[in-house]
Amino acid sequence: MNTPHITALAHPNIAFIKYWGDRDPRLHIPSSNSVSMNLSTLYTKITLSVEPDTHTDKLVINDIAVTGAKLQRIATFLDHVRRLGECSHYFQIVSHTNFPTGAGIASSAAAFASLSVAASALCDLAMDEASLSRLARLGSGSACRSIPAGFVEWNAGENHLTSYAYSLHPASHWNLYDCIAIIDQSPKTTSSIQGHTLADTSPLQAGRLEDIEQRLKQCKDAIQRRDFDALAAVVEPDSDMMHAVMMTSSPPLFYWLPASLGVMLAVREWRAQGLPACYTLDAGANVHVICTEDYHSQVTERLKQLNGVIDVLSSPPGSSATLIE
Ligand code: DP6
């Protein structure tokens with residue numbers, strides 16, 4: 001160990017083809033591949049510093065000291081990094097996030113991607129991108145997709161070695177925008193980690209997985225060809241199918257609020273009238289509206305007029321997780 005503190009930054013990502021359900025919940029080996037885009041204007045920045053003479057980690061999120069389950073999740077992750085790096089130090093973890101956390105904007109993805117980059121550097125672990133992606137997955141499944149740049153695919157794999165994400169195209173490939181209609185800023189009541197364990201209790205999960213290969217291909221082809229209509233034709237049904245699984249699991253999970261449905265219907269109507277936009281929702285009520293650069297101001301303005309929309313955050317594709325100092 002030769003650096004007392006280190007800072008890393010990572011972006012959240014929005015999935016176009018979703019991850020829902022694990023083959024191995026302990027290692028977060030998913031039931032299928034997924035495809036996402038990093039979000040450049042949103043980020044989590046983590047500064048890790050060595051805490052001398054202590055046997056516990058300390059966590060500060062957006063200037064507030066945090067203990068309990070959140071700290072435990074991070075300490076367990078850091079224990080793994082300490083074992084890998086044969087490193088005996090405990091850390092202060094200071095995290096800054098510039099968007100609402102725990103509300104379906106992949107905040108834990110950005111956090112664990114950032115933490116993986118910072119902790120591996122501080123413990124002198126020379127990790128390539130695939131190794132960092134595998135490490136981030138152990139903290140939060142979708143965090144593995146926030147390690148590589150731009151448009152990303154997570155290969156489900158069958159074990160720790162084969163399950164990691166890689167870049168399909170750099171951020172500069174296609175200037176898509178994610179305009180996020182914020183409807184609810186409060187943390188979700190059922191975390192995604194808990195939700196994944198319920199996926200197989202829905203009779204619809206098998207059907208969702210049965211033709212996911214074809215949706216993955218359609219999505220990757222649409223991105224490759226920068227074909228927005230083809231992208232919209234697969235992104236919306238994939239999101240709807242994941243939510244159908246959530247709603248029919250035991251116990252059922254309803255992440256949508258009435259205003260979420262209002263936004264979804266409006267977006268479909270706008271598209272029918274010729275505006276190229278489509279929606280997708282993660283495990284939360286906020287609606288991600290995807291469009292091309294030419295339309296993002298118009299989409300943002302229209303979203304702000306809709307009932308129940310508190311704010312709109314918008315972002316083009318983002319780069320990889322990175323060390324910044
Ligand atoms: C619905 O287990 O990665 O966003 O740890 O809460 O970030 P968090 O979630 P994770 O599951 C994410 C599931 C999803 C769909 C997706 O991003 O693919």
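User: How is the protein divided into domains?
Analyst: This is a predicted model, and in it the protein is divided into domain 1, covering 5-172, and domain 2, covering 173-315.

User: And how many residues does each one put into the contact?
Analyst: Domain 1 contributes 37 residues to the contact and domain 2 contributes 48 residues, while the C-alpha centres of the two domains lie 23 Å apart.

User: What area is buried between them?
Analyst: About 3,400 Å² is buried between domain 1 and domain 2, and carbon and sulfur atoms give 66% of that area.

User: Which three residues of domain 1 supply more of its buried area than any other three?
Analyst: Those are Phe-16, Lys-18 and Trp-20, which together supply 27% of the area that domain 1 buries against domain 2.

User: Switching to charges, how many salt bridges are found across the interface?
Analyst: Two salt bridges are found across the interface of domain 1 and domain 2, and, as for polar contact, 14 residue pairs are found across that interface.

User: Which strands supply at least two residues each to the side of domain 1 that touches domain 2?
Analyst: Strand 2 (13-17), strand 5 (34-38), strand 10 (151-155) and strand 11 (164-169) each do so, and strand 2 gives the most, with five residues.

User: What classes of residue make up that side of domain 1?
Analyst: The side of domain 1 that touches domain 2 has 18 nonpolar residues, 15 polar residues and four charged residues.

User: One more on side chains: what does Lys-220 meet in a salt bridge?
Analyst: The side chain of Lys-220 meets that of Glu-153 in a salt bridge, with 3.0 Å from N to O.

Terms used:
Residues are numbered from 1 along each chain as its sequence is written. This is a predicted model: local features need pLDDT of at least 70, side-chain atom pairs count only at pLDDT 80 or more; totals for chains, interfaces and linings use all residues. Side-chain values use heavy atoms; hydrogens and water are left out. Domain bounds come from an automatic or database domain assignment. Contact means heavy atoms within 4.5 Å. Buried area is the accessible area (1.4 Å probe) that two parts lose on being put together, summed over both. A salt bridge is a side-chain nitrogen of Lys or Arg within 4 Å of a carboxyl oxygen of Asp or Glu. A polar contact is a pair of N or O atoms within 3.5 Å; within protein, one must be able to donate a hydrogen and the other to accept it, and residues adjacent in sequence count only if both atoms are side-chain atoms. Helices (H or I, at least four residues) and strands (E, at least two) are DSSP runs, numbered from the N terminus. Ala, Val, Leu, Ile, Met, Phe, Trp, Tyr, Cys and Pro count as nonpolar, Asp, Glu, Lys and Arg as charged, and the others, Gly among them, as polar.
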